[in-house]
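Here's a quick briefing on a ligand and the place it occupies. Have a look at the structure first, then we'll go through the contacts and the pocket.

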Amino acid sequence: MPIQNTSPASEQNIVLTGFMGTGKSSVARELAHLLGRGVIDLDTEIEKNAGMSIASIFAAFGEPRFRELETDAARQAAEKRAAIISTGGGIVLKSENMEALRASGVIFCLTASPETILKRTSVNRERPLLQVPDPLGKITELLNARGPYYRGSCDYMIDTEGKTPKEIAQEIREKFTLARA
Ligand code: S3P
């Protein structure tokens, strides 16, 4: 990836990307605990800034407006230093999002199988894109379409299958320490 990371090592953010249900939020919490850093969750920031839930933003204004709000939140988060930034699954769709985040830290993309993603995302109805008659088919379709973006915009891919959030956080901490060395 050609974009240069310009932050000093100790100030670099840890940015978590990956599809819905790959565990970004729980891993971010574990990392915050391990490293004594704060978490910025972009979905939460979008909801705070808009004063409404993501489902309501999609319903009232549609996905394009949500993507604009997401880009604003990514830009704001990229200004922060030494944070753990947990992103929404579609953050990789706009190169400007990833350029801003990339310049602020090291990017880890979490992966999981479509079946695991279905299991983890079907516990609630918070994700508008998956409220369809065939969520597994939708997950597979989106994963195929987004795969190159996830792979092409991260420093490390982290397989989450069969691992606890704590184990994943430890794996990321090791890689982050090496990346900064
Ligand atoms: C989305 C992922 C969601 C949220 C929105 C859209 C996506 O975040 O930003 O529903 O396009 O993949 P999570 O990945 O945290 O579920």
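How far does a backbone N or O atom of Gly90 lie from an oxygen atom of the ligand? The distance is 3.3 Å. Keep in mind that this is a predicted model. The ligand has 13 residues around it, and its space is the largest pocket.

**Polar contacts with the ligand**
- Arg67 puts a polar side-chain atom 2.6 Å from a ligand oxygen atom.
- Arg146 also joins in through its side chain, with an N or O atom 2.7 Å from an oxygen atom of the ligand.
- On its own the ligand would expose 380 Å², and the protein buries 95% of that.

**The shell around the ligand**
- Lys24, Asp43, Arg67, Arg127 and Arg146 are the closest residues to the ligand.
- By type, the shell splits into five nonpolar, three polar and five charged residues.

**The largest pocket**
- This pocket, where the ligand sits, holds about 640 Å³ of space.
- Its lining counts 31 residues, and Met20, Asp43, Ile54, Glu126 and Arg127 are the ones closest to the centre.
- Helix H1 (24-35), helix H2 (42-50), helix H3 (54-61) and helix H4 (63-78) are the elements that each give two or more residues to the lining.
- Sorted by type, the lining has eight nonpolar, 13 polar and 10 charged residues.
- Asp43 and Arg127 turn up twice: they are among the residues closest to the ligand and among those closest to the pocket centre.

Definitions and conventions:
Residues are numbered from 1 along each chain as its sequence is written. This is a predicted model: local features need pLDDT of at least 70, side-chain atom pairs count only at pLDDT 80 or more; totals for chains, interfaces and linings use all residues. Side-chain values use heavy atoms; hydrogens and water are left out. A residue is near a molecule or strand if one of its heavy atoms lies within 4 Å of it. A polar contact is a pair of N or O atoms within 3.5 Å; within protein, one must be able to donate a hydrogen and the other to accept it, and residues adjacent in sequence count only if both atoms are side-chain atoms. Accessible areas come from the Shrake-Rupley method with a 1.4 Å probe; for residues, only the protein chains shown count as cover. On a 1 Å grid over the protein atoms alone, a cavity is a set of points where a 1.4 Å probe fits but cannot get out, and a pocket is an open set with protein on both sides within 12 Å along at least five of seven lines; lining residues have an atom within 4 Å of a point. A molecule sits in a cavity or pocket if more than half of its atoms lie within 2 Å of its grid points. Ala, Val, Leu, Ile, Met, Phe, Trp, Tyr, Cys and Pro count as nonpolar, Asp, Glu, Lys and Arg as charged, and the others, Gly among them, as polar. Grid points are joined across faces, edges and corners, and a volume is the space filled by probe spheres set on the points. Helices (H or I, at least four residues) and strands (E, at least two) are DSSP runs, numbered from the N terminus.
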